[in-house]
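Here is a short guided tour for anyone about to look at this protein from the bench side. Have the sequence and the 3D view open, and follow along residue by residue.

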Amino acid sequence: MGLLNKRHIMVVMILLFSTISAVGQGTVKRGRNEGTANIPASNVLGSGNVNVYTSFIGDLVSEGVSSNVSAGASIGVAEMLQLSFSASLADLSRIGPFESTLQVTLPGNDRFKIFGTALLLQLFLSTEADTLGESARADKPDFHSFIRPAVIFDLDWFALNKSLPLKNYLMFSFVENQNILHLYNQAVISAGIEWKGYKNSFFVDGRYSIYKERRIRGFHGDRGYKQSLLWIEPGCRLRIAKNLRITVSARLLLRENLKQETLIPVTYNRLAVEVEIPLLFRKTNTETIRSLIFKEKRKKEKENEVEKILKEQQHIEAMLRDIVIDLPKEDDHEGEIRKKRKEIMLKMEEIKEKLQILD
(Lines give C-alpha, C1' and ligand atoms only; values in the text may rest on other atoms or scores of the structure.)
Protein backbone atom coordinates (compact mmCIF):
# COMPACT_ATOMS: atom_id res chain seq x y z
CA MET A 1 0.00 0.00 0.00
CA GLY A 2 1.26 3.41 -0.91
CA LEU A 3 2.09 6.08 1.63
CA LEU A 4 -0.47 8.68 2.60
CA ASN A 5 0.02 11.99 0.83
CA LYS A 6 -0.83 15.39 2.29
CA ARG A 7 -4.39 15.38 0.96
CA HIS A 8 -5.11 12.01 2.57
CA ILE A 9 -3.57 13.13 5.84
CA MET A 10 -5.73 16.24 5.79
CA VAL A 11 -8.90 14.16 5.35
CA VAL A 12 -7.86 11.81 8.16
CA MET A 13 -7.21 14.79 10.45
CA ILE A 14 -10.63 16.24 9.62
CA LEU A 15 -12.27 12.91 10.45
CA LEU A 16 -10.43 12.63 13.76
CA PHE A 17 -11.11 16.24 14.70
CA SER A 18 -14.82 15.88 13.89
CA THR A 19 -15.06 12.71 15.97
CA ILE A 20 -13.21 14.10 19.00
CA SER A 21 -14.86 17.51 19.02
CA ALA A 22 -18.42 16.22 18.62
CA VAL A 23 -19.59 15.52 22.15
CA GLY A 24 -22.95 15.39 23.88
CA GLN A 25 -26.20 13.59 23.26
CA GLY A 26 -28.76 16.15 22.11
CA THR A 27 -31.80 15.51 20.00
CA VAL A 28 -31.16 13.37 16.94
CA LYS A 29 -31.86 15.12 13.66
CA ARG A 30 -32.59 12.63 10.92
CA GLY A 31 -34.53 12.95 7.67
CA ARG A 32 -37.14 10.38 6.75
CA ASN A 33 -35.40 9.93 3.37
CA GLU A 34 -32.33 8.37 4.99
CA GLY A 35 -31.53 4.78 4.03
CA THR A 36 -28.36 2.71 4.15
CA ALA A 37 -24.96 3.57 2.68
CA ASN A 38 -26.02 2.38 -0.79
CA ILE A 39 -29.84 2.50 -0.88
CA PRO A 40 -31.98 5.57 -0.12
CA ALA A 41 -35.34 5.29 1.61
CA SER A 42 -38.55 5.58 -0.41
CA ASN A 43 -39.66 8.63 1.54
CA VAL A 44 -38.89 12.16 0.42
CA LEU A 45 -38.17 15.21 2.55
CA GLY A 46 -41.60 16.80 2.23
CA SER A 47 -42.74 20.17 0.93
CA GLY A 48 -40.48 23.05 1.89
CA ASN A 49 -37.89 20.96 3.73
CA VAL A 50 -34.21 21.35 2.91
CA ASN A 51 -31.08 19.32 3.68
CA VAL A 52 -27.66 20.73 2.73
CA TYR A 53 -24.50 18.86 3.68
CA THR A 54 -20.84 18.27 2.98
CA SER A 55 -19.01 14.98 3.47
CA PHE A 56 -15.47 13.63 3.65
CA ILE A 57 -14.89 10.06 2.46
CA GLY A 58 -11.79 7.93 2.84
CA ASP A 59 -11.37 4.55 1.11
CA LEU A 60 -8.76 1.96 1.98
CA VAL A 61 -8.16 -0.67 -0.75
CA SER A 62 -5.33 -3.03 -1.61
CA GLU A 63 -3.86 -0.48 -4.05
CA GLY A 64 -3.70 2.28 -1.46
CA VAL A 65 -5.84 5.07 -0.04
CA SER A 66 -8.18 7.44 -1.81
CA SER A 67 -10.15 10.41 -0.54
CA ASN A 68 -13.18 12.32 -1.68
CA VAL A 69 -14.89 15.54 -0.71
CA SER A 70 -18.48 16.03 -1.78
CA ALA A 71 -21.34 18.42 -1.22
CA GLY A 72 -25.02 17.92 -1.77
CA ALA A 73 -28.51 19.19 -1.16
CA SER A 74 -32.03 17.78 -1.12
CA ILE A 75 -35.13 19.94 -1.47
CA GLY A 76 -38.72 18.91 -0.84
CA VAL A 77 -40.42 20.37 -3.91
CA ALA A 78 -43.81 18.94 -2.93
CA GLU A 79 -45.18 16.54 -0.34
CA MET A 80 -44.39 13.56 -2.60
CA LEU A 81 -41.55 15.03 -4.67
CA GLN A 82 -37.87 15.62 -3.93
CA LEU A 83 -34.99 17.07 -5.95
CA SER A 84 -31.39 16.24 -4.99
CA PHE A 85 -27.96 17.39 -6.17
CA SER A 86 -24.46 16.16 -5.38
CA ALA A 87 -20.95 16.85 -6.64
CA SER A 88 -17.60 15.41 -5.62
CA LEU A 89 -13.90 16.14 -5.86
CA ALA A 90 -12.02 12.82 -6.10
CA ASP A 91 -8.68 12.71 -4.25
CA LEU A 92 -9.26 16.40 -3.47
CA SER A 93 -7.86 17.22 -6.93
CA ARG A 94 -9.98 15.63 -9.70
CA ILE A 95 -13.51 16.57 -10.62
CA GLY A 96 -15.75 13.64 -9.84
CA PRO A 97 -19.37 12.87 -10.72
CA PHE A 98 -22.04 15.55 -10.66
CA GLU A 99 -25.56 14.22 -10.51
CA SER A 100 -29.13 15.25 -9.93
CA THR A 101 -31.99 12.99 -8.82
CA LEU A 102 -35.73 13.49 -9.01
CA GLN A 103 -37.62 11.20 -6.61
CA VAL A 104 -41.39 10.76 -6.35
CA THR A 105 -43.08 8.58 -3.75
CA LEU A 106 -46.59 7.41 -2.81
CA PRO A 107 -49.21 9.50 -0.96
CA GLY A 108 -48.94 9.43 2.80
CA ASN A 109 -45.26 10.36 2.72
CA ASP A 110 -45.73 12.33 5.96
CA ARG A 111 -47.11 9.34 7.86
CA PHE A 112 -45.27 6.53 9.57
CA LYS A 113 -46.05 3.40 7.54
CA ILE A 114 -44.72 -0.09 6.98
CA PHE A 115 -44.50 -0.16 3.17
CA GLY A 116 -43.07 2.45 0.83
CA THR A 117 -42.03 2.73 -2.79
CA ALA A 118 -40.53 5.47 -4.93
CA LEU A 119 -39.48 6.15 -8.52
CA LEU A 120 -36.17 7.88 -9.22
CA LEU A 121 -34.80 9.59 -12.30
CA GLN A 122 -31.03 9.90 -11.99
CA LEU A 123 -29.35 12.49 -14.21
CA PHE A 124 -25.54 12.24 -14.37
CA LEU A 125 -24.29 15.54 -15.73
CA SER A 126 -20.58 14.69 -15.64
CA THR A 127 -18.23 11.85 -14.74
CA GLU A 128 -14.49 11.52 -14.19
CA ALA A 129 -14.14 10.51 -17.83
CA ASP A 130 -15.43 13.94 -18.89
CA THR A 131 -12.60 15.72 -17.15
CA LEU A 132 -9.84 13.09 -17.26
CA GLY A 133 -10.46 11.32 -20.57
CA GLU A 134 -8.18 11.50 -23.60
CA SER A 135 -10.41 14.03 -25.33
CA ALA A 136 -11.03 16.10 -22.19
CA ARG A 137 -9.46 19.50 -21.79
CA ALA A 138 -8.72 21.07 -18.42
CA ASP A 139 -10.06 24.44 -19.52
CA LYS A 140 -13.11 23.00 -21.30
CA PRO A 141 -14.08 19.53 -20.08
CA ASP A 142 -16.56 17.34 -21.92
CA PHE A 143 -20.00 16.75 -20.45
CA HIS A 144 -21.94 13.74 -21.68
CA SER A 145 -25.08 13.41 -19.61
CA PHE A 146 -26.87 10.14 -18.85
CA ILE A 147 -30.35 9.68 -17.42
CA ARG A 148 -31.31 6.42 -15.75
CA PRO A 149 -34.47 5.33 -13.87
CA ALA A 150 -34.62 3.40 -10.60
CA VAL A 151 -37.29 2.10 -8.26
CA ILE A 152 -37.11 1.57 -4.48
CA PHE A 153 -39.17 -0.60 -2.15
CA ASP A 154 -38.80 -0.68 1.64
CA LEU A 155 -40.50 -2.27 4.64
CA ASP A 156 -40.30 -0.64 8.08
CA TRP A 157 -41.18 -3.27 10.71
CA PHE A 158 -41.00 -0.63 13.42
CA ALA A 159 -44.41 0.58 12.26
CA LEU A 160 -45.87 -2.80 13.31
CA ASN A 161 -43.79 -3.67 16.36
CA LYS A 162 -42.14 -0.90 18.38
CA SER A 163 -39.64 -3.43 19.77
CA LEU A 164 -38.33 -4.26 16.27
CA PRO A 165 -36.61 -1.23 14.64
CA LEU A 166 -35.79 -3.25 11.53
CA LYS A 167 -36.04 -2.02 7.95
CA ASN A 168 -35.65 -3.85 4.62
CA TYR A 169 -34.69 -2.25 1.30
CA LEU A 170 -34.85 -3.35 -2.32
CA MET A 171 -33.74 -1.26 -5.30
CA PHE A 172 -33.66 -1.85 -9.07
CA SER A 173 -31.53 0.54 -11.12
CA PHE A 174 -29.35 0.86 -14.20
CA VAL A 175 -26.25 2.41 -12.65
CA GLU A 176 -23.59 0.68 -10.59
CA ASN A 177 -20.67 2.88 -11.62
CA GLN A 178 -21.51 6.18 -13.29
CA ASN A 179 -17.92 6.68 -14.43
CA ILE A 180 -18.21 3.85 -16.99
CA LEU A 181 -21.70 4.66 -18.30
CA HIS A 182 -20.13 5.75 -21.58
CA LEU A 183 -18.56 2.27 -21.93
CA TYR A 184 -21.11 -0.14 -20.44
CA ASN A 185 -24.84 -0.46 -20.08
CA GLN A 186 -25.58 -1.66 -16.56
CA ALA A 187 -28.42 -3.38 -14.69
CA VAL A 188 -28.37 -3.56 -10.91
CA ILE A 189 -30.35 -5.12 -8.09
CA SER A 190 -29.55 -3.97 -4.54
CA ALA A 191 -30.91 -5.26 -1.23
CA GLY A 192 -30.32 -4.14 2.32
CA ILE A 193 -31.37 -4.72 5.89
CA GLU A 194 -30.94 -2.13 8.66
CA TRP A 195 -31.31 -2.13 12.43
CA LYS A 196 -32.36 1.49 12.85
CA GLY A 197 -31.95 2.62 16.45
CA TYR A 198 -32.72 5.97 18.01
CA LYS A 199 -29.23 7.34 17.30
CA ASN A 200 -27.15 4.65 15.61
CA SER A 201 -27.92 2.09 12.93
CA PHE A 202 -26.33 -1.08 11.61
CA PHE A 203 -26.85 -2.36 8.08
CA VAL A 204 -25.84 -4.99 5.55
CA ASP A 205 -26.13 -4.14 1.84
CA GLY A 206 -25.67 -6.45 -1.12
CA ARG A 207 -25.57 -5.76 -4.86
CA TYR A 208 -25.54 -7.80 -8.03
CA SER A 209 -24.55 -5.91 -11.20
CA ILE A 210 -24.42 -7.03 -14.83
CA TYR A 211 -22.70 -5.19 -17.68
CA LYS A 212 -23.06 -4.96 -21.43
CA GLU A 213 -20.20 -3.48 -23.41
CA ARG A 214 -21.42 -0.65 -25.65
CA ARG A 215 -20.57 -0.44 -29.35
CA ILE A 216 -18.37 2.63 -29.46
CA ARG A 217 -15.03 3.60 -30.90
CA GLY A 218 -12.46 0.97 -29.98
CA PHE A 219 -15.07 -1.48 -28.68
CA HIS A 220 -17.06 -4.02 -30.68
CA GLY A 221 -19.70 -4.26 -28.02
CA ASP A 222 -21.60 -7.26 -26.65
CA ARG A 223 -24.93 -8.72 -27.63
CA GLY A 224 -25.89 -9.33 -24.01
CA TYR A 225 -24.93 -8.72 -20.41
CA LYS A 226 -21.91 -11.03 -20.21
CA GLN A 227 -20.02 -9.56 -17.25
CA SER A 228 -21.11 -9.36 -13.62
CA LEU A 229 -20.06 -8.52 -10.08
CA LEU A 230 -21.55 -9.48 -6.70
CA TRP A 231 -20.59 -7.82 -3.43
CA ILE A 232 -21.78 -7.40 0.14
CA GLU A 233 -21.19 -4.43 2.45
CA PRO A 234 -21.85 -4.52 6.21
CA GLY A 235 -21.47 -1.31 8.17
CA CYS A 236 -22.77 1.06 10.81
CA ARG A 237 -23.81 4.69 11.03
CA LEU A 238 -23.05 6.56 14.24
CA ARG A 239 -24.43 9.93 15.34
CA ILE A 240 -22.66 12.31 17.64
CA ALA A 241 -23.29 15.95 18.50
CA LYS A 242 -26.98 15.71 17.52
CA ASN A 243 -26.66 15.11 13.79
CA LEU A 244 -23.01 14.64 12.79
CA ARG A 245 -22.94 11.27 11.01
CA ILE A 246 -20.03 8.86 10.75
CA THR A 247 -20.54 5.85 8.48
CA VAL A 248 -18.08 2.96 8.48
CA SER A 249 -18.49 0.05 6.04
CA ALA A 250 -16.48 -2.79 4.52
CA ARG A 251 -17.29 -3.91 0.97
CA LEU A 252 -16.35 -7.49 0.07
CA LEU A 253 -16.36 -8.92 -3.44
CA LEU A 254 -18.14 -12.30 -3.46
CA ARG A 255 -18.27 -13.15 -7.15
CA GLU A 256 -16.57 -11.84 -10.28
CA ASN A 257 -17.34 -12.77 -13.87
CA LEU A 258 -15.40 -10.41 -16.12
CA LYS A 259 -13.65 -10.64 -19.44
CA GLN A 260 -9.89 -10.86 -19.61
CA GLU A 261 -9.79 -7.40 -21.13
CA THR A 262 -12.25 -5.16 -19.33
CA LEU A 263 -12.50 -1.58 -18.09
CA ILE A 264 -14.80 -2.45 -15.21
CA PRO A 265 -13.04 -1.61 -11.93
CA VAL A 266 -12.69 -4.59 -9.60
CA THR A 267 -11.20 -3.01 -6.46
CA TYR A 268 -14.30 -3.77 -4.41
CA ASN A 269 -12.57 -5.10 -1.32
CA ARG A 270 -12.40 -1.85 0.58
CA LEU A 271 -12.93 -0.16 3.92
CA ALA A 272 -14.77 3.17 3.74
CA VAL A 273 -15.22 5.90 6.34
CA GLU A 274 -17.53 8.84 5.69
CA VAL A 275 -18.16 11.87 7.86
CA GLU A 276 -21.21 13.90 6.88
CA ILE A 277 -21.64 17.39 8.29
CA PRO A 278 -25.08 18.97 7.85
CA LEU A 279 -25.05 22.63 6.96
CA LEU A 280 -28.81 23.19 6.86
CA PHE A 281 -31.44 20.76 8.02
CA ARG A 282 -35.18 20.82 8.65
CA LYS A 283 -36.62 17.84 10.48
CA THR A 284 -39.66 16.06 9.07
CA ASN A 285 -42.71 14.43 10.61
CA THR A 286 -42.02 10.73 10.07
CA GLU A 287 -38.66 10.64 11.83
CA THR A 288 -40.07 12.86 14.57
CA ILE A 289 -42.67 10.16 15.16
CA ARG A 290 -39.90 7.57 15.29
CA SER A 291 -38.02 9.63 17.88
CA LEU A 292 -41.16 10.14 19.96
CA ILE A 293 -41.83 6.40 19.93
CA PHE A 294 -38.32 5.71 21.22
CA LYS A 295 -38.73 8.33 23.95
CA GLU A 296 -42.17 7.03 24.91
CA LYS A 297 -40.74 3.52 25.12
CA ARG A 298 -37.93 4.71 27.41
CA LYS A 299 -40.46 6.60 29.53
CA LYS A 300 -42.60 3.49 29.85
CA GLU A 301 -39.58 1.41 30.87
CA LYS A 302 -38.74 4.03 33.50
CA GLU A 303 -42.31 4.00 34.80
CA ASN A 304 -42.23 0.22 35.03
CA GLU A 305 -38.97 0.41 36.96
CA VAL A 306 -40.44 2.98 39.36
CA GLU A 307 -43.55 0.84 39.85
CA LYS A 308 -41.37 -2.18 40.56
CA ILE A 309 -39.37 -0.22 43.16
CA LEU A 310 -42.53 1.01 44.86
CA LYS A 311 -43.87 -2.52 45.08
CA GLU A 312 -40.59 -3.70 46.56
CA GLN A 313 -40.70 -0.84 49.03
CA GLN A 314 -44.21 -1.78 50.11
CA HIS A 315 -43.10 -5.39 50.48
CA ILE A 316 -40.14 -4.34 52.62
CA GLU A 317 -42.32 -2.13 54.80
CA ALA A 318 -44.66 -5.07 55.36
CA MET A 319 -41.70 -7.23 56.31
CA LEU A 320 -40.54 -4.54 58.75
CA ARG A 321 -43.92 -4.49 60.41
CA ASP A 322 -43.72 -8.26 60.78
CA ILE A 323 -40.25 -7.95 62.25
CA VAL A 324 -41.42 -5.36 64.78
CA ILE A 325 -44.29 -7.58 65.79
CA ASP A 326 -41.95 -10.55 66.17
CA LEU A 327 -39.38 -8.65 68.24
CA PRO A 328 -38.35 -10.71 71.24
CA LYS A 329 -39.46 -9.61 74.64
CA GLU A 330 -37.11 -8.19 77.25
CA ASP A 331 -36.65 -11.55 78.89
CA ASP A 332 -35.56 -13.15 75.61
CA HIS A 333 -31.92 -13.77 74.82
CA GLU A 334 -29.87 -10.62 73.92
CA GLY A 335 -28.33 -12.40 70.90
CA GLU A 336 -31.76 -12.82 69.35
CA ILE A 337 -32.47 -9.12 69.79
CA ARG A 338 -29.21 -8.15 68.10
CA LYS A 339 -29.99 -10.52 65.23
CA LYS A 340 -33.40 -8.95 64.68
CA ARG A 341 -31.91 -5.46 64.82
CA LYS A 342 -29.30 -6.44 62.21
CA GLU A 343 -32.03 -7.70 59.89
CA ILE A 344 -33.89 -4.42 60.30
CA MET A 345 -30.76 -2.40 59.46
CA LEU A 346 -30.12 -4.45 56.32
CA LYS A 347 -33.68 -3.92 55.14
CA MET A 348 -33.40 -0.17 55.81
CA GLU A 349 -30.21 0.01 53.76
CA GLU A 350 -31.96 -1.79 50.91
CA ILE A 351 -34.85 0.69 51.08
CA LYS A 352 -32.34 3.56 50.99
CA GLU A 353 -30.70 2.16 47.81
CA LYS A 354 -34.08 1.74 46.12
CA LEU A 355 -35.05 5.32 46.98
CA GLN A 356 -31.79 6.61 45.50
CA ILE A 357 -32.58 4.77 42.24
CA LEU A 358 -36.09 6.25 42.35
CA ASP A 359 -34.66 9.76 42.64
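## A glutamate and its neighbours

The side chains of E233 and N38 make a polar contact at 3.2 Å. Please keep in mind that this is a predicted model. A second polar contact links the side chain of E233 with the side chain of S249, at 2.5 Å. Along the chain, E233 and S249 are 16 residues apart, while their C-alpha atoms are 6.3 Å apart in space.

Where does E233 lie? Its place is in strand β10. Is E233 buried or exposed? With a relative accessible area of 2%, E233 is buried, because buried means under 20%. Leaving aside residues up to four places away in sequence, E233 touches N38, F203, V204, D205, S249, A250, R251 and R270.

## The strands around it

Strand β10, residues 227-240, pairs with strand β11, residues 244-257, in the antiparallel sense. One pair to look for in the viewer is G235 with S249, its bridge partner in β11. S249 is thus worth a second look, since its side chain also makes the polar contact with the side chain of E233.

On to the next pairing: β11 runs antiparallel to strand β12, residues 270-281. Here R245 stands opposite E276 in β12.

Earlier in the sequence, strand β1 (residues 50-61) pairs with strand β2 (residues 64-78), again in the antiparallel sense. These two strands form a hairpin, with 2 residues between them. Within this pair, G58 has S67 in β2 as its bridge partner.

The bridge counts for the three pairings are set out below.

| Strand pair | Sense | Bridges |
|---|---|---|
| β1 and β2 | antiparallel | 12 bridges |
| β10 and β11 | antiparallel | 11 bridges |
| β11 and β12 | antiparallel | 7 bridges |

As a general point for reading such strands, the side chains in a regular strand alternate between the two faces of the sheet.

## A buried threonine

Now move to T105, which is placed in strand β4, residues 94-105. T105 counts as buried because its relative accessibility is 6%, and the cut-off for buried is under 20%. Which residues does T105 touch, not counting residues up to four places away in sequence? They are S42, V44, M80, T117 and A118. For T117 there is a distance to check as well: its backbone oxygen lies 2.9 Å from a polar atom of the T105 side chain.

## A nonpolar patch on the surface

What forms the nonpolar patch on the surface? The patch is made up of L106, F115, L155, W157, L160, L164, W195 and F202. Together these residues have about 720 Å² of accessible area. One of them, W195, lies in strand β8, residues 184-196. W195 counts as partly exposed because its relative accessibility is 39%, and partly exposed covers the range between under 20% and over 50%.

## The protein as a whole

Stepping back, the protein has 4 helices and 12 strands. Of its 359 residues, 41% are buried, E233 and T105 among them. The accessible surface comes to about 20,100 Å², and 59% of that belongs to carbon and sulfur atoms. As for contacts with a separation of 6 or more, 60% are between residues 24 or more positions apart.

How values were computed:
Residues are numbered from 1 along each chain as its sequence is written. This is a predicted model: local features need pLDDT of at least 70, side-chain atom pairs count only at pLDDT 80 or more; totals for chains, interfaces and linings use all residues. Side-chain values use heavy atoms; hydrogens and water are left out. Two strands pair if DSSP finds at least two bridges between them. Buried means under 20% relative accessible area, exposed over 50%, partly exposed in between (1.4 Å probe, protein chains only). A polar contact is a pair of N or O atoms within 3.5 Å; within protein, one must be able to donate a hydrogen and the other to accept it, and residues adjacent in sequence count only if both atoms are side-chain atoms. Contact means heavy atoms within 4.5 Å. Patches are made of residues with over 30% relative accessible area and no salt bridge: like charges are joined within 9 Å, nonpolar side chains (Val, Leu, Ile, Met, Phe, Trp, Tyr) within 5 Å. Accessible areas come from the Shrake-Rupley method with a 1.4 Å probe; for residues, only the protein chains shown count as cover. A salt bridge is a side-chain nitrogen of Lys or Arg within 4 Å of a carboxyl oxygen of Asp or Glu.
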